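Q: Please take a close look at the empty spaces of this model, beginning with the main pocket, and follow its walls into the sheet that they share. I would like the answer as one connected account, with the cut-offs explained as you go.

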Amino acid sequence: MLFIGTAGSAPSARRGLPATLVRRGGDRLLFDCGEGTQRQLLRSTGLVELEEVFITHFHADHFLGLPGMLKTYSLRGRETPLTVYGPAGLRRLFGALAPLVGKLTYEVRLVELEPNEELRRDGYRIAAFAVDHGGLRAFGYAIVEDDRPGRFDAERARELGVTPGPDFGRLQRGEIVEGAHGPVRPEQVLGQPRRGRKIVIAGDTAPCEMTRLVAHGADLLIHEATFLEEEADRARETGHSTARAAARLAADAGVALLALTHVSPRYGGGELRDEARAVFERTIVPRDFDRVEIPFPERGAPIHHRADGRGGEGRGGAEERGAEAASQPAAS
């Protein structure tokens, strides 16, 4: 998970407009594409040939980076199709953007999703869900891995007369094989299924029940925190969230780590973090180019890697508090 842009509505000297890159195996998924996203990618991973882009809603700070990025791909002679997903209205938006984008060397496929629609991928799925952004049609997205087989008991398999080699692999894939005394079933040598990982990207939203339900037990919840609690009324009026409200939702959902984004230029980030941690300790406020590594659940908690290299690597809680607090600028 790479935070490409963590600002809200307007960029600051240290934060670009919203964009988040999720990497799983060879898949690269971009969520939102604010103005300047292609330059942010060039400064971090390089402008990789993305195949899928997911837009949460149609406020300009979440999609204005698309025309330039699409054009750059074309100037490079790209031929591979690119698919853009978003709420209803996506095709109409691209109709308006067409004069800016011009003719491309590749196909752009537009897919308008419905709330609760799922896209199946190899070993995981991407689910769109409706959030509360002041009456505007807006989505969050959940990336949910399939359960994995339980641990393989090689010693037990040998006791049942299974010869080490290809038959071990077949058992782990759920197939029945022949042992010394008859068929050996996978459940005889495999432990309980192990859950996959779950990431939830809420987009712009007030805290809402749907996000809480979707985020239940997530390894990482990325939730906006446009305001501090002292401006809770304004947050409600604009369909945004305070840091404290996002933290309460994270606590209720039992997530492993909360990352607050959509940071207003009026804040440095430290005040948002402190307000949230008073309710939910396992909170970070990532900067642009920070990463969160998410191991399989049995291997430990998510790890926040700071882009500037200061403070070492924490596991999303008190371990990294000192270094992060020392590096946060005062509120502007």
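A: **The largest pocket and its surroundings**

Four strands, β2 (19-24), β9 (139-145), β12 (198-201) and β16 (291-293), each contribute at least two residues to the lining of the largest pocket; strands here are DSSP runs of E with at least two residues, numbered from the N terminus. The model is a predicted one, in which local features need pLDDT of at least 70 and side-chain atom pairs count only at pLDDT 80 or more, whereas totals for chains, interfaces and linings use all residues. Residues are numbered from 1 along each chain as its sequence is written, and side-chain values use heavy atoms, with hydrogens and water left out.

The largest pocket holds about 290 Å³ of space. On a 1 Å grid over the protein atoms alone, a pocket is an open set of points with protein on both sides within 12 Å along at least five of seven lines, a cavity is a set where a 1.4 Å probe fits but cannot get out, and lining residues have an atom within 4 Å of a point. Grid points are joined across faces, edges and corners, and the volume is the space filled by probe spheres set on them. Of the 15 residues that line the largest pocket, Met1, Arg23, Arg197, Ile199 and Ile294 lie nearest its centre. By class, this lining has seven nonpolar, seven charged and one polar residue, where Ala, Val, Leu, Ile, Met, Phe, Trp, Tyr, Cys and Pro count as nonpolar, Asp, Glu, Lys and Arg as charged, and the others, Gly among them, as polar.

Ile199, one of the residues nearest the centre of the largest pocket, stands in β12 opposite Ile143. The two strands concerned, β9 and β12, pair in the antiparallel sense over four bridges, a pair being accepted if DSSP finds at least two bridges. Both strands belong to an open sheet of seven strands with mixed pairing, in the order β7-β8-β9-β12-β13-β14-β15. The edges of this sheet are β7 and β15 (283-284), and because each has a single partner strand, one side of each is left without a neighbour in the sheet.

At the β7 edge, strand β7 (residues 118-121) runs antiparallel to β8 (residues 124-130), with four bridges between them. Leu119 faces Ile126 of β8 in this pairing. The two strands form a hairpin with two residues in between, and in the turn Gly123 has a positive phi of about 90°.

Another strand of the sheet, β13, leads to an enclosed space. There is one cavity of 30 Å³ or more, and the largest cavity contains about 160 Å³. Its lining comprises 17 residues, with Pro18, Thr20, Asp32, Gly203 and Thr261 nearest the centre. The elements that supply two or more of these lining residues are β2 and β13 (220-224), and β13 gives the largest share, three residues. Eight polar, six nonpolar and three charged residues make up this lining.

A further opening, the second largest pocket, has a volume of about 250 Å³. Its lining also counts 15 residues, and those closest to its centre are Arg15, Gly16, Gln40, Arg43 and Asp288. Seven charged residues, four polar and four nonpolar form that lining.
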